[in-house]
There are 2 protein chains.
Amino acid sequence: MTRLVALDWGTTNIRAFHIAADGTLLDRREKPLGLQSVKNANFAGAFRDIAGDWMAAPARPRALLCGMVGSAQGWIEAPYTACPAATGDLAAALVAAPDAHYDIRVIPGLRCQGAGGPDVMRGEETQLVGAGLGDGVYCLPGTHSKWAVVEGGRIARFATFMTGELFATARKHTILGRSMVDAQHDPAAFAQGYVRSTAAGGLLNHLFAVRTASLLEGLQPQAAPSFLSGVLIGHELAEARKLFDPKRVVVIGAGLLVQNYAVALAIAGIEAAAVNGEHAAAAGLYAIASAAGLIAR
Amino acid sequence: MTRLVALDWGTTNIRAFHIAADGTLLDRREKPLGLQSVKNANFAGAFRDIAGDWMAAPARPRALLCGMVGSAQGWIEAPYTACPAATGDLAAALVAAPDAHYDIRVIPGLRCQGAGGPDVMRGEETQLVGAGLGDGVYCLPGTHSKWAVVEGGRIARFATFMTGELFATARKHTILGRSMVDAQHDPAAFAQGYVRSTAAGGLLNHLFAVRTASLLEGLQPQAAPSFLSGVLIGHELAEARKLFDPKRVVVIGAGLLVQNYAVALAIAGIEAAAVNGEHAAAAGLYAIASAAGLIAR
């Protein structure tokens, strides 16, 4: 029996887990050492920075990585596995990272055929595995929010929405930011934005509505970011409903973002459950490592 | 009879026209001296920089301004006139700019009540006047595209879409820009993006589709901006159709943007006509000046 060093290695962050053979979490770390921060593609060095001490211990463990580290811009490209995909399909498609000393494997992302074209994910498949792959509809909010359907223990299909990235860029780089200041979340303004998203006009019009609400309807600069968030999450939810028609949604994530999705789902009359995203990542890495025979031997 | 100095003064640019009493265009200038470039709110100085020689001539003319110069961030705030509004309503609501020497008036913008809340325009009302205010549906593409309905010679209602600004910010400040290079417009990629906009998933999903099309469908970096443009204009057109149900659309603008809207309208089976935006601005300024008695006296 060996321990497992497990990393969820994304574009901006790494979350690292040191896991005993029986699944007990021994230690965890989070560092802003995502792909963006890796100098000269020195992934081997970055890996040692974050997990070298765990790897150096006696009875050397194996390591398993998920996330953008398996993209063409990452350490080694792990080609997308096609949906529908179960835990075993991911475990069978691991790719070895080119490291001189350690046995490090990378989980592939998934691809599927959506309504208008292909879609992809990297990292979220591992969180879905960690959430148990029970049948149902899952939402993983974030920079690129994912909605996924699990059927028969397999990730059947999914869709991506650029909600989080559009929020950040509209806030920072468009005229909307001029009538906004950073402030605590305003639940009433969020609900107001959600309601606006359900009116006629569509997203391009409702983005401008953030400005007119500031100019003419007394929307305060402290409340405007929450209003914008309500507009965007409202549009994401409306389109995800059209695609997946959920009666119940499991939201995988943490903090305010999960709360906001829960509020939007509640207004829409859809039952919501929440799973912590970090727990799901650790559990998914452990489950895939087990299925691949990396732990018990 | 006096001449008219007429300025369309926006956020980034000024277009200035020197117009004879009978409407003949004597001279025109365009400078990147929009609101953004005016230092210390010295609008009087900026006005002299662009039109001082025309004003200094014998038989001093009056000046008429439209655009963001009449906003709270401009020279003098000209409060929005309510829709429905005819040429005479705008002419009756001119506001004098606080200049020590010249008679300078500013055209108010318009406001209307849209499906989900209020909407506003500044400058486009003058182009609509210049296009003749014939009954029908008008589209003014741009940073903040406007669609307007004219009924009985009055601007009845309108809606704004943040299409142009979203294109620019997505191109420059999101992950989509990474798979793009500047290149000539690609009509086939534009049509491909338009078609994607008509699939399920909605705009937030179709924005991500620009990335997946690059990753998995061979969309080339030279063609990706045109694809994105097709996605965005497609969504704008779809929502404007829901609001205004046009059989024919007059597109006011110039160049590639007008061509792109004409292509989108053609694919959608809607008849399109084009009016040059600069001509419309000059004609509208002259028409409103005439209605206000600034020229013939």
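How much area is buried between chain A and chain B, and what share of that area do carbon and sulfur atoms give? I began my entries on this predicted model with that question. I read a buried area of about 3700 Å² between the two chains, with carbon and sulfur atoms giving 71% of it. I then looked up which residues supply it on one side: Met162(A), Leu204(A) and Phe208(A) supply 20% of the area that chain A buries against chain B, more than any other three residues.

**Entry: contacts across the interface**

I noted that 43 residues of chain A are in contact with 43 residues of chain B. I next looked for charged pairs across the interface of chain A and chain B, and the rule finds zero salt bridges. Polar contacts are present, however: I recorded 12 residue pairs between chain A and chain B, both residues of each pair being at pLDDT 80 or more.

I then listed the elements that give two or more residues to the side of chain A that touches chain B. These are the strands β9 (118–121) and β12 (154–161), together with the helices α4 (163–173), α6 (202–216) and α7 (224–244) of chain A. Which element gives the most to this side of chain A? I found that α6(A) does, with 10 residues.

**Entry: relation of the two copies**

I superposed chain A on chain B and obtained an RMSD of 0.0 Å, by a turn of 180° and a shift of 0.0 Å along the axis. The two copies are thus related as by a two-fold rotation axis. I also compared the two sides of the interface: 98% of the interface residues of chain A are also interface residues in chain B, so the copies meet through the same surface.

**Entry: helix α9 of chain A**

I checked the length of helix α9 (residues 277–291) of chain A. At 1.5 Å a residue, its 15 residues should span 21 Å, and the end C-alpha atoms are 21 Å apart, so the two values agree. At the start of α9(A), I noted a side-chain oxygen of Asn276(A) that reaches to within 2.9 Å of the backbone nitrogen of Glu278(A). Glu278(A) is itself buried. The other buried residues that I recorded in α9(A) include Gly277(A), Leu285(A) and Ile288(A), as well as Ala280(A), Ala281(A) and Ala282(A). After the helix comes Gly293(A), which has a positive phi near 75°.

**Entry: backbone geometry**

I kept in mind that most residues other than glycine have a negative phi, and that most peptide bonds are trans. I then looked up the exceptions.

In chain A, the peptide bond from Cys83(A) to Pro84(A) is cis, with omega near -5°. I placed Pro84(A) in the loop between β5 (81–82) and α2 (87–91) of chain A. In chain B, a cis peptide bond joins Cys83(B) and Pro84(B), with omega about -5°. Pro84(B) is found in the loop between β5 (81–82) and α2 (87–91) of chain B.

I also examined two residues with positive phi that are not glycine. Ala41(A) has a phi of about 55° and sits in the loop between β3 (25–31) and α1 (43–56) of chain A. Leu133(A) has a phi near 55° and lies in the loop between α3 (124–130) and β10 (136–140) of chain A.

Is Ala41(A) buried or exposed? Its relative accessibility is 55%, over the 50% cut-off, so I entered Ala41(A) as exposed. Leu133(A), in contrast, has a relative accessible area of 8%, and I entered it as buried.

Definitions and conventions
Residues are numbered from 1 along each chain as its sequence is written. Chains are lettered from A and ligands numbered from 1 in the order in which they are written. This is a predicted model: local features need pLDDT of at least 70, side-chain atom pairs count only at pLDDT 80 or more; totals for chains, interfaces and linings use all residues. Side-chain values use heavy atoms; hydrogens and water are left out. Helices (H or I, at least four residues) and strands (E, at least two) are DSSP runs, numbered from the N terminus. The expected span of a helix is 1.5 Å times one less than its number of residues. Buried means under 20% relative accessible area, exposed over 50%, partly exposed in between (1.4 Å probe, protein chains only). A polar contact is a pair of N or O atoms within 3.5 Å; within protein, one must be able to donate a hydrogen and the other to accept it, and residues adjacent in sequence count only if both atoms are side-chain atoms. Copies are superposed by least squares on the C-alpha atoms of residues with pLDDT of at least 70 in both. Contact means heavy atoms within 4.5 Å. Buried area is the accessible area (1.4 Å probe) that two parts lose on being put together, summed over both. A salt bridge is a side-chain nitrogen of Lys or Arg within 4 Å of a carboxyl oxygen of Asp or Glu.
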